[in-house]
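Q: Before any single residue is discussed, I should like to learn how the features of a protein model are read. Where should one begin?

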Amino acid sequence: MTDLHEALRDNVRMLGDCLGQTIESQLGEAFLAKVEHIRKLAKAGRQDEYSEHNQLISALEDLSEEEVLPVARAFTQFLNLANIAEEHHRVRRHLETVGQDTPESIGQLFRRLLERGFNVQQIVDSLDVMTVDLVLTAHPTEVNRRTLIQKFDEIADCLKRLDRGEKVEHRLRELISQIWHTDEIRQQRPTPVDEAKWGFAVIENSLWQAVPKFLRQLDEQLHEVLGVCLPLDCCPVRFASWMGGDRDGNPNVTAAVTAEVLLLSRWQAADLYYRDVDRLRAELSMGRCNNELRSLVGDAAEPYRELLGGLREALARTKAWIKAKLDGDTVPTQGILLHEEELLEPLLLCYRSLSDCGMQTIAEGLLQDLIRRVACFGMTLVRLDIRQNADRHLEVFDELTEFYGLGCFRNWSEEQRCDYLLAELRSQRPMIPRHWQPSPSVQEVLDTCRVVAGAEANSLGSYVISMASNPSDVLAVVLLLQEMGIRHNMRVVPLFETLDDLDGAGDCIEALLSVDWYRDYIQGHQEVMIGYSDSAKDAGQLAAAWGQFKAQEALTALCNRQGVRLTLFHGRGGTVARGGGPSHTAILAQPPGSVEHSMRVTEQGEMIRFKFGIPEIATRNLELYAGAVLQATLDPASGPEPEWREQMEQMAAEGMREYRAVVRGNEYFVPYFRASTPELELAKLPLGSRPAKRRAEGGIESLRAIPWIFAWTQTRLMLPAWLGSDNALNTAIGKGQLPLLHRMYRDWPFFHATIDLLDMVLAKSDSDIAAYYDSRLVSEELQLLGSSLRARLDRTVGLVNEIKQQPRLLTDNPVISQSIEVRNPYIDPLHFLQAELLLRDRTQPDSRLERALMITMSGISAGMRNTG
């Protein structure tokens with residue numbers, strides 16, 4: 001391990017030297033010396049903050065206006081390079097353990113399950129029916145441009161080559177020079193189609209290699225430990241996407257955009273398969289085949305090439321057909337591939353023939369990898385989810401019922417709404433009148449439903465209804481899709497986001513399941529989405545986490561009673577306040593029985609690149625997901641004891657009261673938030689296609705969870721992750737409940753994960769940095785609130801250390817602790833610069849300083865890793 005850490009330090013030092021050489025060649029030796037002086041002052045300031053932070057601030061104040069931007073860029077790019085080195089270090093550590101039976105390997109999980117009394121067939125059957133859907137979303141937390149990400153990937157490749165002894169220094173200097181001369185900030189926001197293409201690029205550049213590698217390793221572990229093989233068509237983990245389908249609050253995602261993304265997804269899949277089939281055809285030059293294949297190819301000398309040649313031509317026709325549709329042309333569908341079975345059939349025939357003819361080794365090479373890719377990615381690469389706000393569907397029915405003279409739909413009782421919708425669902429006549437002229441907003445909803453209805457079933461995932469609270473919210477969407485002529489029963493999924501909606505989730509689903517028509521529609525399978533971001537913004541992290549846990553318990557018990565299979569869809573983000581954290585830990589902390597062979601979970605923003613952007617890391621994360629879902633299905637942890645549940649109820653209630661007292665009840669809070677953080681300025685950073693607010697007007701309640709958290713992360717107060725928890729934990733300890741909290745932390749995975757995540761986010765917080773923002777940006781009237789919040793933050797640190805019985809934060813996680821310590825001297829100058837630039841931007845706006853401000857946001861984001 002020491003050698004590995006030394007290699008990491010060497011990589012960081014080498015990349016830093018290359019950056020320094022680039023800066024010196026462009027801006028001179030004196031400027032580089034000034035950057036290095038600032039870095040040393042920042043490092044010293046971490047050791048003796050009272051004397052050295054003042055020197056650092058003075059050095060930054062001495063910068064000329066022309067120097068501010070390149071200094072911000074220098075520290076930002078160093079943090080990006082440090083991230084690359086750390087990611088490569090993770091690859092190194094993973095490669096060191098490949099093939100070894102480490103405690104975290106899925107092979108060891110198989111052994112533990114056998115020891116716990118599960119038999120081979122139970123384990124294999126569970127894997128065979130497992131469906132873990134990782135849903136890639138375009139939430140705007142990825143601050144880096146795609147062109148820079150490509151250069152970062154190539155630097156990572158250079159570090160791999162360096163480990164093999166190749167000379168790469170010149171190429172590294174070239175790439176870092178290219179990065180320095182490339183604008184870090186997009187000139188324009190990406191379009192939803194751009195975001196979808198970025199998602200496709202992650203699959204092409206990483207997951208396309210990682211998936212068959214993961215399945216090969218899973219097959220090997222199954223064979224070694226259990227003596228069985230993984231079925232060829234088995235893929236426990238698959239992918240879906242919201243990119244181009246999520247229109248909740250994003251007017252840029254239109255019906256036309258969704259139609260285009262559905263086609264682009266098919267084209268990308270066909271193109272990747274075309275390349276794979278072409279390569280496979282070149283390899284399968286063998287002449288022997290079984291009778292089944294011979295009956296199709298006749299007397300062809302090279303039967304496999306003959307068959308695959310026809311398949312390659314079909315894929316070429318499919319690509320041409322999709323391109324014609326994108327161009328608006330009409331092309332016949334004859335001879336194109338729309339369904340997985342059409343692609344799999346000839347591949348499986350080749351596999352059987354090679355196996356029958358004693359060429360099993362060849363069958364298990366490229367051909368097997370291709371078959372496994374088809375099992376995972378299908379003919380569409382990802383299945384596209386559609387998401388829309390419940391209120392937009394209400395608008396449709398408001399206009400319809402008023403057109404028919406029936407009054408306003410939203411003013412009806414819930415019983416009246418459901419009666420009307422069910423009557424229409426059972427009716428044979430069309431609901432939408434021929435000559436009706438809806439408003440543009442309603443027409444867009446109808447157009448979207450028409451696009452969805454016209455798409456192939458294998459290209460679609462779920463239709464998610466955000467801010468759902470009633471059974472009628474679900475029935476309305478089913479009716480709209482039916483009205484547009486959909487040919488399959490699409491999953492329509494309520495998303496329960498606020499704490500009240502989470503508390504009412506069980507009653508809502510129970511009411512739906514009591515409707516015979518609906519029971520027939522879902523065919524024994526109900527999907528429900530749990531919202532993490534908005535519930536935490538609504539009630540505070542602790543109350544939200546407990547509300548999510550209880551909602552899952554209630555839904556699990558309900559579906560068990562009703563004999564319905566439940567899939568829970570977790571809308572997690574990258575940060576603690578948005579349900580983030582280690583996925584493996586989070587899955588094992590779910591209520592027992594709630595992970596029943598299936599799970600859907602969003603992978604958002606920069607976390608997609610962090611977890612799946614490098615094939616080796618992607619392979620490991622796929623293994624972690626599969627292993628955690630298997631363990632949570634077969635051998636879940638026991639639920640909370642009554643005493644723990646009662647304590648959690650008290651703490652959640654206390655936490656919510658305190659959180660809302662500040663965020664909603666303190667008249668100074670919103671002005672303080674807007675003054676002390678770059679919340680308003682974040683709108684200038686062109687992160688994603690979606691606006692920062694759901695509505696142009698409105699305050700905190702209309703602000704999206706991502707900029708809400710992003711803003712607090714920039715100042716290091718990290719308020720959304722701990723506010724409310726501080727008073728709740730302090731009150732419990734004050735009442736003598738510390739021994740009980742110790743037991744809860746030791747024996748209850750949910751509480752253990754909650755405290756560990758709080759530990760991690762507190763380690764990234766810094767009340768001194770937050771105080772500096774206040775001193776520069778906040779009026780005297782508001783500074784009292786800031787001082788109070790920082791005191792509460794510092795108190796929370798002590799509370800977590802008491803519960804975990806540790807001397808300091810992250811005592812049990814030295815890797816993350818060291819990473820934060822190494823980054824701080826590079827992030828600190830960006831914080832002090834940002835506070836100064838915010839002050840100037842608010843008093844004397846200047847385009848050059850505005851760009852430097854955006855660079856500091858990007859750099860702090862890079863340094864903090866999971867920012868939104």
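A: One begins with secondary structure: helices (H or I, at least four residues) and strands (E, at least two) are DSSP runs, numbered from the N terminus. The model shown here is predicted. By that assignment the protein has 38 helices and 8 strands. Its radius of gyration is 28 Å, close to the 29 Å given by the globule rule for 868 residues, so the protein is as compact as a globular protein of that length.

Q: What box do the C-alpha atoms fill along the principal axes?

A: The C-alpha atoms of the protein occupy a box of roughly 85 × 75 × 60 Å.

Q: How is burial read, and what share of the residues in the protein is buried?

A: A residue counts as buried when its relative accessible area is under 20%. Of the 868 residues in the protein, 60% are buried. The protein exposes about 34000 Å², and carbon and sulfur atoms supply 49% of that area.

Q: What do the contacts say about separation along the sequence?

A: Here contacts with a separation of 6 or more are considered, and 81% of them in the protein join residues 24 or more positions apart.

Q: How many charged side chains of each sign does the protein have, and how far apart do the centres of the two sets lie?

A: There are 95 positive and 124 negative side chains in the protein, and the centres of these two sets are 2 Å apart.

Q: How does one read a single helix, and which residues of α20 are buried?

A: One lists the buried residues and then examines their directions around the axis. In α20, which spans residues 505-513, the buried residues are Ala505, Gly506, Cys508, Ile509, Leu512 and Leu513. They lie on the same side of α20 because they cover an arc of only 165° around the axis.

Q: Against which elements do the buried residues of α20 pack?

A: Their partners are the helices α18 (471-483), α19 (499-503), α21 (516-522) and α23 (541-562), together with the strands β5 (491-496) and β6 (525-531).

Q: How should backbone angles be read, and what is the phi of Met467?

A: One notes the sign of phi and whether the residue is glycine. Met467 is not a glycine, yet its phi is positive, near 55°. Met467 is placed in the loop between β4 (460-466) and α18. With a relative accessible area of 27%, Met467 is partly exposed.

Q: Where does Met718 lie, and is Met718 buried or exposed?

A: Met718 is in the loop between α30 (705-715) and α31 (719-722). Its phi is also positive, at about 55°, although Met718 is not a glycine. Met718 is buried, with a relative accessible area of 7%.

Terms used
Residues numbered from 1 in each chain as written. Predicted model: local features only at pLDDT ≥ 70, side-chain atom pairs only at ≥ 80, totals over all residues. Heavy atoms only, no water. Buried < 20%, exposed > 50% of the residue type's maximum accessible area, 1.4 Å probe, protein only. Arc of directions from axis to C-beta. Contact = heavy atoms within 4.5 Å. Rg over C-alpha atoms; globule rule 2.2 N^0.38 Å. Areas by Shrake-Rupley, 256 points an atom, 1.4 Å probe, with all protein chains shown as cover. Lys, Arg positive; Asp, Glu negative; His and termini not counted. Charge placed at Lys NZ, Arg CZ, Asp CG, Glu CD.
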